[in-house]
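Reader: I'd like to learn how to read a few features from a set of coordinates. Could we work through an example together?

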Amino acid sequence: MEQEGPISHARAFVRVLPALLLVAGAFYDYFTPAQFSAAPLYAAAPLVAAPLYSRRATVLTGAATVLVVLVVHQLLGILLQVQAVAETVTVMTVAVLAVLINLLVRRSSERLATQREIAEAAQRAVLPGPAGRIGGFDVAVRYEAAQADALIGGDLYAVQDTPYGVRLIVGDVRGKGMGAVAAVVIVIGAFREAAEQESTLEAVAQRLERALAREGTRRDGVDALEGFTTAVLAELPHGAGVVRIVNRGHPPPLLLYGDGTLRALPARDTALPLGTNDLGTWPDRAEEHGFPGGATLLLYTDGLTEARDGRGRFYDPEARLAGRVFQEPGALLAALAGEARRHAGGFLTDDLALLAVRRPS
């Protein structure tokens, strides 16, 4: 929130800048000797208006600029002098160019809006938001792009109620672009199928490993050699106050208790990310922790912990959340996303995905 005041003031100033330039140019022309010209100030006014104003407002700004030049020259009695005519022609030319620039900017903005709509539709298709309540648990997810107009990246999440309990995954595919999106689709598709069919969380993780291995054989170049996905899989058995976790090279989940106590759940046995079986194989081992009523399980990608402030200090969710109580998971995720952005000065360096599940008291 601290960033909004200065930014809004700067935007307001820029929007009135063309008028200020015209006033400054008129005063400069009128009160300085004839050999001095305010043509740069006049020319700047429509050029500043072009990317900011509508087409009509840009045309009016250009017309107003030409009118101001003619009035000032008339008052000075130099309207038909060579230098004054050259200045007027220059300003008129710049005004026409400003209208053309405005047209190009508007067309680019329309294309960008279309691309943004397509990206949002793709994100909703690949990462649909889960229901607010699944299997008796309160659920919330949040996806924060590093850039406001960025396309979908490689962060992923999914929640599914199965015969073995509510199962969920949060992961981060290496890289960006369509290759990362393809891997996201593979992981989520394999997870949804395996979550229904496999009786253990370890078997679900192995299904994801095999799915990525199959995909890797169809990919060329560096992605085929270096592609991997960090992920945390969790299982909340029905009727049992526990959570089982398999961590494949991902930031550890956090468990927030109803009294504000916080506990990190790092893996006791380190495992490599999904898609790295060619480097060695280690058996997956699900670790079980108590998950009492009123507690919230938080899973996140490293876009949260890699948010840095101006001094290079990383955002620490454990330190920030300790002692705080949130009545519902959506409020927790909103607070985290907002604090991470403010900590990073409004600009995240990486996308982040957040998933919180609360067991009702």
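Reader: Let me start with one side chain. Is Phe-137 buried or exposed?

Author: Happy to help, and keep in mind that this is a predicted model. The general idea is to compare the relative accessible area with a cut-off, and buried means under 20%. Phe-137 has 4% relative accessibility, so it counts as buried.

Reader: What kind of aromatic pair do Phe-137 and Phe-291 form?

Author: For ring pairs, look at the distance between centres and the angle between planes; planes under 30 degrees apart count as stacked. By this rule the count comes to three aromatic pairs. One of them is edge-to-face: Tyr-30 with Phe-31, at 5.1 Å centre to centre and 80° between the planes. Phe-137 and Phe-291, in turn, are stacked, with 6.3 Å between centres and 0° between planes. Phe-137 belongs to strand β2 (residues 137-144), while Phe-291 sits in the loop between β9 (287-290) and β10 (296-300), so this pair ties together parts 154 residues apart in sequence. Phe-291 is buried as well, at 0% relative accessibility.

Reader: How exposed are Tyr-30 and Phe-31?

Author: Here the upper cut-off helps: exposed means over 50%. Phe-31 counts as exposed at 60% relative accessibility, whereas Tyr-30, with 42%, is partly exposed. Ring pairs link these two residues and Phe-27 into a cluster.

Reader: Which residues form the nonpolar patch on the surface?

Author: For a patch, one looks for accessible nonpolar side chains that can be joined to one another. In this case Val-23, Phe-27, Tyr-30, Phe-31, Leu-67, Val-71, Leu-75 and Leu-76 form it, with about 820 Å² of accessible area together. Helices α1 (4-31) and α3 (55-76) each supply at least two of its residues. Val-71, for instance, is in α3 and is partly exposed at 40% relative accessibility.

Reader: What is Pro-360 in contact with, beyond its neighbours in sequence?

Author: The idea is to set neighbours within four places aside and list what remains. For Pro-360 that leaves Arg-133, Gly-136, Phe-137, Asp-138, Gly-293 and Gly-294. Pro-360 lies in the segment after β11 (352-358), and its C-alpha is 6.6 Å from that of Phe-137, although the two are 223 residues apart in sequence. Pro-360 is partly exposed, with a relative accessible area of 25%.

Reader: And how many helices and strands does the protein chain have?

Author: There are 10 helices and 11 strands. Of the chain's 361 residues, 43% are buried. Among contacts between residues at least 6 apart in sequence, 70% join residues at least 24 apart.

Technical notes:
Residues numbered from 1 in each chain as written. Heavy atoms only, no water. Helix = DSSP H or I, 4+ residues; strand = E, 2+ residues; numbered from the N terminus. Buried < 20%, exposed > 50% of the residue type's maximum accessible area, 1.4 Å probe, protein only. Contact = heavy atoms within 4.5 Å. Patch = residues over 30% accessible without salt bridge, like charges linked within 9 Å, V, L, I, M, F, W, Y side chains within 5 Å. Areas by Shrake-Rupley, 256 points an atom, 1.4 Å probe, with all protein chains shown as cover. Salt bridge = Lys/Arg side-chain N within 4 Å of Asp/Glu carboxyl O. Phe/Tyr/Trp six-rings, centres within 6.5 Å; stacked < 30°, edge-to-face > 60°.
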